[in-house]
Amino acid sequence: MTQARIEHLVTSGKFSLDGGTWDVDNNVWLVGDDTEVIVIDAAHDADAIAGAVGGRTLRAIVCTHAHNDHIDAAPALAARTGAPVLLHPDDLPLWKLTHPDLVPDGELADGQVLTVAGAELRVLHTPGHAPGAVCLYAPALRTLFSGDTLFAGGPGATGRSYSHFPAIVESIRDRLLILPADTVVRTGHGETTTVGAEAPHLQEWIDRGF
Ligand SMILES: [Fe+2]
């Protein structure tokens, strides 16, 4: 029985790609107990995230993908805490756009299991929004951390470089919508949803093309 709990903060900054820049609010998720914690997506504000970690040991900074808004504060948070930054290697080209002189400390791979506070986080490689996009499934917490792969209302954006709509559809259909319907989907931006709330809409998304 895990004592792990989920904490959440929202940080604000910019998303930039393909020459455009947009204001964005990002969800930053923490999974852990009173002793240790993992951060999912160190977005925008290392001070705020370090404050949420507090005196606990930060085991890892997990990047759901390497769009700048999800990784911009990762090196600063790593420097403050000594925690390793973990990224799927297929997103290294995107990482380099934001941090050209740095590399992540370790790799995420499909099927890998991260453990914190007795809770397992299973890495699901879910390409489409980005080639190295991953989701993290925590069965004991009935939670999927979906990054920008699945939102309340549909898939993540696939209109910009490094994205592919057929790939995100395949990832969502084959890896995410097979999870238990009551799995809570905690997203990279905006509202939380559930697998059961989203699953009936897959064909609508395919038909509309986004
Ligand atoms: Fe993204």
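Start by selecting strand 5 (residues 85-87) and strand 6 (106-107): two bridges join these strands, which run parallel. Strands here are DSSP E runs of at least two residues, helices are H or I runs of at least four, and both are numbered from the N terminus. Two strands count as paired if DSSP finds at least two bridges between them. Label Leu86, which stands opposite Gly106 in strand 6.

This is a predicted model: local features need pLDDT of at least 70, side-chain atom pairs count only at pLDDT 80 or more, and totals for chains, interfaces and linings use all residues. Residues are numbered from 1 along each chain as its sequence is written, and side-chain values use heavy atoms, with hydrogens and water left out.

**The sheet of strands 1 to 6**

Now select strands 1 to 6. They form an open sheet in the order 1-2-3-4-5-6, with mixed pairing. Strand 1 and strand 6 are at the edges with a single partner strand each, so one side of each has no neighbour in the sheet.

Go to strand 1 (5-17) and strand 2 (20-32). These two strands run antiparallel and are joined by 13 bridges. Find Thr11; its bridge partner in strand 2 is Asn26. Next, look at the turn. Strand 1 and strand 2 make a hairpin with two residues between them, and Asp18 in that turn has a positive phi of about 55°.

Move on to strand 3 (36-40). Strand 2 pairs with strand 3 over four bridges in the antiparallel sense. Leu30 stands opposite Val39 in strand 3. This is a hairpin too, with three residues between strand 2 and strand 3.

**Helix 1, across the sheet**

Select residues 46-53, which are helix 1. Helix 1 lies across strand 1, strand 2, strand 3 and strand 4, and runs at about 170° to strand 1. Angles run from 0 to 180 degrees between N-to-C directions; axes are lines fitted to C-alpha atoms, for helices over the stretch in contact. Contact means heavy atoms within 4.5 Å.

Which residues of helix 1 are buried? Show Ala46, Ile49, Ala50 and Val53. Seen down the helix axis, the buried residues fall within an arc of 100°, so they line one face of helix 1. The arc is taken from the directions from the helix axis to the C-beta atoms. Buried means under 20% relative accessible area, exposed over 50%, and partly exposed in between (1.4 Å probe, protein chains only). On the other side of helix 1, Asp47 and Gly51 are exposed.

Now check both ends. At the start, a side-chain oxygen of Asp45 comes to within 3.2 Å of the backbone nitrogen of Asp47. Just after helix 1, Gly54 has a positive phi of about 65°.

What covers the buried residues of helix 1? The cover includes strand 4 (57-62) and helix 3 (74-81).

**The second sheet**

Select strands 7, 8, 9, 10, 13 and 14. They form an open sheet of six strands in the order 7-8-9-10-13-14, with mixed pairing. Strand 7 (113-116) and strand 14 (193-194) are the edge strands, each pairing on one side only. Zoom in on strand 8 (residues 119-125) and strand 9 (residues 134-138), which pair in the antiparallel sense over four bridges. His125 has Val134 as its bridge partner in strand 9.

**Last stop: helix 5**

Select residues 165-176. The buried residues of helix 5 are Phe165, Ala167, Ile168, Val169, Ser171, Ile172 and Leu176.

Conventions:
Polar contact = N/O pair within 3.5 Å; in protein donor to acceptor, adjacent residues only side chain to side chain.
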